[in-house]
Amino acid sequence: MEDTIVAIASPPGQGAVAILRVSGSESIPIAKRVFRPKNPQAKWLPRAILLGTIVNSDGEIMDQVLLSVFIGPASYTGEDIVEITCHGGALVTQAVLDTIISAGARLADPGEFSKRSFLNGKMDLTQAEAVMDLISAKTTLALRAANSQLEGQLGNRISEIKQSLLANLAHIEAYIDFPEEDIDPEANESIMRNLVILSSSIGNLIKTAEQGRILREGLHVVISGPPNAGKSSLLNSLLGYERAIVSDLAGTTRDTIEEMINLKGIPVRLTDTAGIREVEESIESEGVLRAKRELNRADLVLVVVDATIDKKENERIEFTSSDELNHIKVFNKADLGIHNSYKREDGVRISCLDGAGIESLVGLIVESCLGENDHFSKNLIAVNSRHRACLENSQSNLNNAINALKESVEPEFVSVDLREALDSIGEIVGKADVEDLLGEIFSSFCIGK
Ligand SMILES: Nc1nc2c(ncn2[C@@H]2O[C@H](COP(=O)(O)OP(=O)(O)OP(=O)(O)O)[C@@H](O)[C@H]2O)c(=O)[nH]1
Ligand SMILES: [Mg+2]
């Protein structure tokens, strides 16, 4: 925290401009060593933007730049920050960076700016994590969830739970401190009720973890089925361009093909696979193996069949195991007419040729991941796996406390459970002394953030 750090904050490569960030107590003295303002009278006031040149120790001009001044604590990290906007060539950016390092700054670690922001109390851990979610968001829904977390929605909910836990813990501890007072059975009842409510609020947050995973990593949808059913055609239809080779030869697709798409705000990892059948030929049989392996990793399987063929015929072409998987049955080639054997079957009738039914299929895919849970669309909270582990830990301690109260166990034991519940909740928004945890979170950030 004592070092003044510097990093290129814009992506690598060539662009109109690039941004370098310097943060720490020495950032202004360091900048003054390398920056020659065009107007020598220009003042280094908070939020001032100065025009000038960056000059190395030999007096050589590296670039003409704009320099923005932020005086702590009113800055991203809470420290003094200087942001330098230089021309966006790879070489010039590196030259400016080297000049600043020679003048006394150290190259920042990944996420070090955000880590400082957290350590200086500018944001809690959930907000710091939201910065990374925001940067990597693939769809508008993911972006909205990240923004709501950055605004502090999750942090606020956690604080409310923390406050309430603390208040109930204080009651319990009062009994420990004043053992001569008898436990008022009514107060006991009310504490128990409060704890039950808290446990269910935590449960509601845990329920958002699945959506959190989908928004961050994407829903993994695998297209599977017998050869020639139109699986690759469906991939292309959903993507909107001819990504996979389509042909009337059975066994066209061999390797799995994966593409990321945005279905109504849900990021979806869509995988096309080889048609499943018994084959001798080694390349195709490897494809079939891969296709089967992919099924085990799927969140949702689209089981595509050519519905112009008799159902018995399709089933003869060995396609099993779909019943145990989360799946949607898709009857393709509806433009040619559906075979009688499919008339009464549940599933979506589509045609990749004329696009019929594709919208309904998209609707079903989206519903399968947001379906019963309107919790998400209301408040856009979607916890990540770290939050989930803390929440589960907290809830199980809380439930122990509730059971202990029911069985009128000594208040000391109840208090221990509640303290542990409180610790796990506290870990979500962060305690500045958990170095390991911080290292783990911030190391996944990019340099300069
Ligand atoms: N009429 C009609 N033909 C379709 C439709 N969808 C696909 N086809 C045709 O069906 C044939 C097979 O399509 P593909 O998309 O290659 O089928 P696949 O399931 O990927 O086949 P494999 O990769 O061999 O397993 C092609 O000739 C497509 O043009 C459809 O909705 N209607
Ligand atoms: Mg194919």
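Helix axes here are lines fitted to C-alpha atoms over the stretch in contact, and the angle between two of them runs from 0 to 180 degrees between N-to-C directions. Keep that in mind for the helix pair below; and note that this is a predicted model.

Let's start with the overall layout. The protein splits into domain 1 (5–123), domain 2 (126–208 + 382–429) and domain 3 (217–370). If you look at domain 2 and domain 3, their C-alpha centres sit 43 Å apart. Five residues of domain 2 are in contact with five residues of domain 3. On the domain 2 side of that meeting, you'll find two nonpolar residues, two polar ones and one charged.

Now for the helices. Take α3 (residues 112–119) and α4 (residues 125–136): they pack at an angle of about 160°, and their axes are 9 Å apart. Since angles over 145 degrees count as roughly antiparallel, that angle makes α3 roughly antiparallel to α4. The crossing of α3 past α4 is right-handed. Who does the touching? From α3 come S114, S117 and F118, and they meet L125, A128 and V131 in α4. Sorted by class, this contact has four nonpolar residues, two polar ones and no charged ones.

Finally, swing over to ligand 1. There are 23 residues around ligand 1, and the ones that come nearest are G230, S232, S233, T253 and G275. Which helix gives the largest share of this shell? That's α9 (residues 231–239), with three residues. As for the character of the shell around ligand 1, eleven of its residues are polar, eight are nonpolar and four are charged.

Methods
Residues numbered from 1 in each chain as written. Chains lettered and ligands numbered in written order. Predicted model: local features only at pLDDT ≥ 70, side-chain atom pairs only at ≥ 80, totals over all residues. Helix = DSSP H or I, 4+ residues; strand = E, 2+ residues; numbered from the N terminus. Parallel < 35°, antiparallel > 145°, perpendicular 65-115°, else oblique. Left-handed = near helix turned anticlockwise from the far one by under 90°. Contact = placed C-beta atoms within 7 Å. Nonpolar A, V, L, I, M, F, W, Y, C, P; charged D, E, K, R; others polar. Near = placed C-beta within 6 Å. Domains from an automatic or database assignment.
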